[in-house]
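I opened this notebook to keep track of what I looked up, going from the whole chain to single residues. My entries follow the order in which I asked.

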Amino acid sequence: MRRPAPLPIPLLTALAAALAAGCSSAPPPPDPGLTRTPATASAPAPADAATLAERLAYGSRTRTKLPPAYLHERLRERAATPAVDAAFERVRADDTPANRSALLHALERGFVHAETTSSLDLLGPELGQRFRSFNWHDDDYPGGPVGPNEHWAGTLADALDGVSPERRANRSAVAALRREEATEPIWERLLAAWRPIPGEEGHRLNRHAVGPYLAMREAAAADGVELVIVSAHRDPRRARANAARAANPFAVASFSSHALGLAIDLALPIPGGPAGDAAAFPLSTRPMARVVDMRRSPVHKWMHLHASGFGWYPYQHEPWHWEYNPPGFRAVLLEDLGGGPSPRGAPPASPG
Ligand SMILES: [Zn+2]
């Protein structure tokens with residue numbers, strides 16, 4: 001089995017993390033492309049197109065997860081994408097924050113809908129290509145039959161986490177609820193808080209997650225991306241029985257975010273694949289090459305760029321699985337579970 005040459009993961013992951021950190025609410029650092037230009041001139045002469053493209057590409061990294069190298073290339077080749085070309089000319093004529101945002105949006109839309117791109121390209125051209133072209137063994141997804149390159153599957157997940165970090169709702173330092181807190185009374189209140197999703201009534205979510213999901217679905221639709229839920233709520237009583245039979249230990253069915261009503265599995269249609277039919281895209285962990293390929297879906301690319309803005313976060317091993325757990329949500333959920341565990345995470349005293 002072929003193995004890739006050692007990857008400069010620490011460097012690239014640190015870079016990716018730095019890029020992602022720039023997407024938070026912290027004030028953006030000075031734009032290196034612009035600080036070299038005196039900012040005092042009242043009306044600077046319009047930059048020549050090549051210089052402006054360079055400034056935009058490297059000065060936009062705090063406002064998009066698209067890598068500077070990708071932005072630079074698309075701006076250089078902007079004639080091939082009329083929407084990008086038009087937005088670029090508007091910035092050139094009038095370099096306002098609104099016009100820059102519109103240009104970034106056009107670039108993001110182009111990335112999402114391009115048949116040649118994958119969410120893995122958010123890692124930058126070198127690392128993205130390496131993961132995409134790697135000769136994966138069918139069993140390289142961690143768990144179950146052992147594949148020869150499972151460690152690379154872990155590296156892939158770690159690298160992607162640097163771009164678009166997880167916030168696992170059921171198992172992480174920022175969990176909304178922890179396994180040891182899920183007593184029977186807590187489960188009763190959680191199940192009582194499930195609500196059907198308008199337009200996708202067969203699926204339910206915790207009442208706090210429904211609105212943000214609808215807002216996200218609408219924003220995606222405005223970008224030409226249809227979010228379709230394949231699976232959401234799962235009854236924990238049934239999940240407990242199924243856990244024993246699960247081949248995928250990462251699913252942790254007995255205390256899953258699906259059981260909390262805080263997870264969705266999305267259909268991931270892929271360009272060139274069978275159209276529209278979610279059933280044609282089994283959300284399976286095997287073969288691994290297929291799991292990697294799922295990241296070419298416009299749905300997955302759009303989610304990586306935008307989902308966190310709606311409180312939804314990825315699970316890197318499963319491209320289809322997303323969880324609602326925005327900062328501060330644990331306190332909101334615990335308030336709902338009134339009389340449950342403390343926000344500090346101590347389990348409740350056992351009932352007498
Ligand atoms: Zn799932």
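**Entry 1: the whole chain**

I began with contacts, and I found that residues 24 or more positions apart account for 66% of the contacts in the protein chain with a separation of 6 or more. I noted that I am reading a predicted model, and I then listed its elements, which come to 14 helices and six strands in the protein chain. Of the 352 residues in the protein chain, 38% are buried.

**Entry 2: the core**

Which residues have the most contacts inside the largest nonpolar core? I found L266, V299 and W322 in that role, in a core of 72 residues. Helix α8, residues 150-163, gives the largest share of this core, with six residues. I also looked up where the core sits: it lies between domain 1 (9-24 + 49-114) and domain 2 (165-336), because both of them give residues to it. I wrote beside this that nonpolar side chains tend to be buried together in soluble globular proteins.

**Entry 3: W322 and the open sheet**

I followed W322 further and, leaving aside its neighbours within four places in sequence, I found it in contact with A263, I264, L266, M303, A307, W312, Y313 and P314. One of these, I264, has W322 as its bridge partner in β6. The two strands concerned, β4 (residues 263-266) and β6 (residues 321-324), pair in the antiparallel sense over three bridges.

I then placed this pair in its sheet, an open one of four strands in the order β3-β4-β6-β5 with antiparallel pairing. Its edge strands, β3 (229-231) and β5 (312-314), each pair on one side only. Direction ignored, neighbouring strands of this sheet are turned by 45° against each other on average.

**Entry 4: the hairpin**

I turned next to strand β1 (residues 194-197) and strand β2 (residues 200-206), which run antiparallel and are joined by four bridges. R195 has L205 as its bridge partner in β2. The hairpin has two residues between the strands, and in it G199 takes a positive phi near 90°.

**Entry 5: two helices**

How do helix α6 (residues 97-113) and helix α13 (residues 298-306) lie to each other? I found that their axes come within 8 Å and cross at roughly 145°. From α6 the contact is made by E108, F111, V112 and H113, and from α13 by P298, K301, W302 and L305. I sorted the residues of this contact into five nonpolar, one polar and two charged.

How values were computed:
Residues are numbered from 1 along each chain as its sequence is written. This is a predicted model: local features need pLDDT of at least 70, side-chain atom pairs count only at pLDDT 80 or more; totals for chains, interfaces and linings use all residues. Two strands pair if DSSP finds at least two bridges between them. Axes are lines fitted to C-alpha atoms, for helices over the stretch in contact, and angles run from 0 to 180 degrees between N-to-C directions. Two residues are in contact if their C-beta atoms, placed from the backbone, lie within 7 Å. Ala, Val, Leu, Ile, Met, Phe, Trp, Tyr, Cys and Pro count as nonpolar, Asp, Glu, Lys and Arg as charged, and the others, Gly among them, as polar. A nonpolar core is a set of buried Ala, Val, Leu, Ile, Met, Phe, Trp, Tyr and Cys residues joined through C-beta atoms within 7 Å. A residue is buried if 20 or more other C-beta atoms lie within 10 Å of its own, exposed if 12 or fewer, and partly exposed in between; C-beta atoms are placed from the backbone. Domain bounds come from an automatic or database domain assignment.
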